[in-house]
Amino acid sequence: MRAAVVTDLSAPLELRDVPVPEPGDQQILVRMEACGICHTDIHIAYGDWPVEPALPLIPGHEGVGIVERAGRGVPASMIGQRVALPWLGSACGQCGFCVSGWETLCESQRNTGFSIDGGYAEYAVADARYAVSVPDGVTPLDAAPLTCAGVTSYKAVRAGRVGLADRVAVFGVGGLGHLAIQYARHAGGFVTAVDVEADKLALAGNLGAEQVIDATTADPAAVIRAQGGADVALALSAEPSAYEHALASLRRGGRLVCVGLPVGGVLPVPIFEAVTRGISVIGSIVGTRKDLVEVFTLHAAGRTTVTAEPRKLEEINQAFTDVLANRVRARLVIEY
């Protein structure tokens with residue numbers, strides 16, 4: 001099979017012919033149809049994180065495809081199903097986090113495209129228990145971004161406890177942000193979208209944001225505070241300064257939800273302000289399998305729209321360059 005492989009954290013990905021993997025116990029072999037390109041994949045491939053993956057590695061944690069073979073212990077009915085392979089590749093299933101609905105915090109988890117090979121290949125092996133069925137009517141091109149960008153922004157909206165008539169500020173209208181706008185509105189929030197690109201702000205308006213702010217021409221925190229401040233600020237950007245603006249935009253009792261992972265990002269939080277104004281700073285990781293089922297259900301019902309552009313596997317390094325140069329409106333998706 002063809003695969004894009006990380007062989008050196010300081011070099012481009014290599015396109016290689018590698019053996020098709022064999023599914024073991026409780027595993028499935030999935031013929032990939034699509035795999036979204038997440039900024040996290042770039043961080044992993046370039047060694048941006050404090051922890052580095054073992055190499056060689058096939059990245060990709062927004063994979064969608066058809067189950068072709070199943071290992072021992074997997075129901076035969078899974079063969080032929082379309083499934084998604086999310087970031088949470090597996091977890092222990094027994095710890096306090098797993099049994100209390102927080103499996104994404106399991107300390108024994110394995111992650112697709114980081115600690116196990118992912119979807120930048122024509123085939124991938126996955127733990128059948130953590131693959132999530134994709135409903136009929138949800139195309140692979142849509143399902144791939146929903147598998148991470150969708151479930152991550154959905155979880156962030158829930159972590160921020162967005163409620164009816166809440167003012168929600170979305171900092172960063174990209175792969176995650178364009179979906180966060182929709183989930184915040186479904187939760188009853190009024191959305192202000194902040195970005196530096198005119199086409200992304202136009203997209204935010206088309207998706208129902210009540211207000212858009214170009215951060216190159218105005219101080220978004222000052223504008224939002226002058227209007228009463230945000231109840232919830234969702235920081236989804238790869239730019240560290242966006243988190244400071246998001247924090248500064250909050251009203252008393254406001255909640256900042258940090259979602260993106262900017263390289264070297266540090267958020268100074270004034271303790272006096274946080275205490276006296278009742279500010280909360282929340283970190284939100286990807287959602288669970290249950291969350292992803294809900295994300296797919298909403299999309300199948302026509303409640304969300306995915307903005308995605310297809311690319312070929314051979315274009316992976318150029319795709320990374322385009323993401324880093326902010327030339328991507330929302331999500332790039334590899335199609336096979």
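Buried residues of helix α9 make a good starting point: they are D291, L292, E294, V295, F296 and H299. Here, buried means under 20% relative accessible area, exposed means over 50%, and partly exposed lies in between, using a 1.4 Å probe and protein chains only. The model is predicted, so local features need pLDDT of at least 70 and side-chain atom pairs count only at pLDDT 80 or more, while totals for chains, interfaces and linings use all residues. Residues are numbered from 1 along each chain as its sequence is written, and side-chain values use heavy atoms, leaving out hydrogens and water.

**Helix α9 and its surroundings**

Helices (H or I, at least four residues) and strands (E, at least two) are DSSP runs, numbered from the N terminus. Helix α9 covers residues 289-300, which is 12 residues, and reaches 16 Å from its first C-alpha to its last. That is close to the 16 Å expected at 1.5 Å a residue, where the expected span is 1.5 Å times one less than the number of residues. What do the buried residues of α9 pack against? Their partners are β5 (82-85), β9 (132-133), α3 (140-159) and α4 (177-186). Just after α9, G302 takes a positive phi of about 85°.

F296 shows this packing at the level of one residue. Contact means heavy atoms within 4.5 Å. Not counting residues up to four places away in sequence, F296 touches A84, V132, S133, V134, P135, V138, A143, L146 and T147.

**The nonpolar cores**

A nonpolar core is a set of buried Ala, Val, Leu, Ile, Met, Phe, Trp, Tyr and Cys residues joined through side-chain atoms within 4.5 Å. The largest one has 42 residues, and L146, V170, I181, L234 and F296 have the most contacts inside it. Elements giving two or more residues to this core include α3, β10, α4 and α9. Helix α3 gives the most, with 8 residues. A second, separate core of 23 residues includes A3, L9, A319 and L332.

**Salt bridges**

Side chains of opposite charge can pair when their charged atoms come close. A salt bridge is a side-chain nitrogen of Lys or Arg within 4 Å of a carboxyl oxygen of Asp or Glu. The structure holds 20 of them, and three are shown here.

| Pair | Closest N to O distance |
|---|---|
| D17 and R2 | 3.6 Å |
| R331 and E62 | 2.6 Å |
| E210 and R185 | 3.8 Å |

R331 lies in strand β17 (residues 331-335) and E62 in the loop between α1 and β4, so their pair ties together parts that are 269 residues apart in sequence. Both R331 and E62 are buried. In the D17 and R2 pair, D17 is exposed at 61% relative accessibility, whereas R2 is partly exposed at 27%. Back at helix α9, salt bridges that share partners join K155, R158, K290, D291 and E294 into one network.

**Backbone points to look for**

Most residues other than glycine have a negative phi, and most peptide bonds are trans. Which peptide bond is cis? The bond from L55 to P56 is, with omega near 0°, and P56 sits in the loop between α1 (39-45) and β4 (63-70). R161 has a positive phi of about 55° although it is not a glycine, and A165 has a positive phi near 70°. R161 is found in the loop between α3 and β10 (167-171), and A165 is found in the loop between α3 and β10. R161 is exposed at 52% relative accessibility, and A165 is exposed with a relative accessible area of 52%.
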